[in-house]
Amino acid sequence: MSILADTVDGVIGVDTHRDTLAAAALSPVGGILAQTATRADATGYQQLLEFADTQTPSGPARRCWAVEGTGSYGAGLTAFLHTHGERVVEVARPKRPARRTGAKTDAIDAVGAARETLGHQHQTLPRRRGDREALRVLLTTRRHATSGRVAAINQLKALIVGAPEELRAELRGVATKGQIDRCVGLRDRPARPLEHRMTVCALRTTAGRIRALQAEIDQLTAALDPLVASIAPWLVELPGVGPITAAQILVSWSYAGRLRSEAAFAALAGTNPIPASSGQVTRHRLNRSGDRQLNAALHTIALTRLRYDPETRAYAARRTTQGKTRRDVKRCLKRSIARQLFKLLERYDQPGVEIIRAA
């Protein structure tokens with residue numbers, strides 16, 4: 001398979017920031033043709049496009065843009081380039097210099113982004129915006145609300161443990177939901193000591209925050225459900241797949257053709273086996289890298305199927321008799337789920353998906 005340098009006449013590397021963009025045009029052999037800097041707005045995007053036309057007159061078909069942060073600071077530039085038919089690939093954040101004296105500027109980072117892209121066979125394509133981006137922002141907000149709710153519950157539990165004995169006796173042995181309801185209903189008692197009154201205030205405030213975050217989570221979940229149903233209704237019909245895990249799968253996968261193979265999808269999800277053999281022992285271990293949110297979604301699907309799906313339980317029993325540990329069984333199952341999902345995702349909008357789903 002040829003590298004990018006064999007198929008283009010030039011690469012424009014872009015180092016993105018909130019207000020500025022630094023760009024460098026490189027030849028296929030990595031030589032610097034020109035450099036420029038502009039603002040991160042519509043006018044700046046147009047100036048960068050004119051800069052690219054000047055340095056690579058062969059046009060969009062024979063050039064490529066290597067943009068850092070296509071989902072954050074480079075999102076606006078990426079969308080602009082796509083509307084003009086430009087080829088854009090995503091570049092990871094450059095590695096930090098090996099020494100403290102290593103040179104570091106925006107212009108150097110732009111050159112590094114272009115050179116890193118030139119030598120790769122497999123390029124990372126930006127994720128699609130539109131309905132996928134709508135899913136992503138809802139998922140991200142819901143995830144942070146969920147984390148905040150868990151932290152607030154832990155804080156409430158800690159407050160109860162250290163509360164005056166009268167309050168502890170009132171809340172001890174009550175389920176979490178009951179504790180939240182009782183704490184919300186606590187009232188200030190002026191005759192009580194200051195410690196008692198301030199603890200009541202803290203409990204009431206914390207419980208109110210938990211309720212507010214739960215309402216936010218419910219609202220975001222209600223917005224996610226119809227959106228997932230409109231994009232891929234068949235996905236939530238698969239065993240163990242719910243609206244939240246389906247949304248995360250769609251966001252990470254994004255669109256057909258972005259990932260070159262199901263092995264690449266498994267690597268993205270962190271479910272590809274990592275060799276960990278030594279001496280006469282041949283084994284593999286869990287992958288700790290990749291998109292951890294996608295990995296968590298596949299983990300949830302695997303656990304649900306292990307509990308409720310007869311075919312999955314039979315598979316786990318068979319692998320256990322072959323000497324696999326429970327962790328190895330889950331690793332193999334997540335890899336199998338990634339393979340199944342990728343094949344369906346790549347074909348979900350084509351004729352025959354009903355047959356696939358029925359199977």
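Strand β4 and strand β5 (residues 88-91) pair up in the parallel sense, with four bridges between them. Keep in mind that this is a predicted model. Two spots are worth a look here: β4 with its neighbouring strands, and the place where helices α6 and α7 meet.

**β4 and its partners**
- On the β5 side, Glu-68 sits opposite Val-91 of β5.
- Strand β1 (residues 10-16) is also joined to β4, this time through five bridges, and these two strands run parallel.
- If you want a residue pair to find that pairing by, try Ile-12, whose bridge partner in β4 is Trp-65.

**How covered is β4?**
- β4 spans residues 63-68, and six of its six residues are buried.
- Arg-63, Trp-65 and Val-67 point one way from the strand, while Cys-64, Ala-66 and Glu-68 point the other way.
- Both sets are buried, so that goes for charged Arg-63 and Glu-68 too.

**Where α6 meets α7**
- Helix α6 covers residues 176-184 and helix α7 covers residues 194-231; their axes come within 8 Å of each other.
- The axes cross at roughly 120 degrees, which falls outside the 65 to 115 range that counts as roughly perpendicular and is not over 145, so the two helices are oblique to each other.
- The crossing is left-handed.
- From α6, the residues making contact are Ile-180, Asp-181, Cys-183 and Val-184.
- They meet Leu-203, Arg-204, Ala-207, Gly-208, Ile-210 and Arg-211 from α7.
- By type, the contact residues split into six nonpolar, three charged and one polar.

Notes:
Residues are numbered from 1 along each chain as its sequence is written. This is a predicted model: local features need pLDDT of at least 70, side-chain atom pairs count only at pLDDT 80 or more; totals for chains, interfaces and linings use all residues. Side-chain values use heavy atoms; hydrogens and water are left out. Axes are lines fitted to C-alpha atoms, for helices over the stretch in contact, and angles run from 0 to 180 degrees between N-to-C directions. Angles under 35 degrees count as roughly parallel, over 145 as roughly antiparallel, 65 to 115 as roughly perpendicular and the rest as oblique. A crossing is left-handed if the near helix is turned anticlockwise from the far one by less than a right angle, and right-handed if clockwise. Contact means heavy atoms within 4.5 Å. Buried means under 20% relative accessible area, exposed over 50%, partly exposed in between (1.4 Å probe, protein chains only). Two strands pair if DSSP finds at least two bridges between them.
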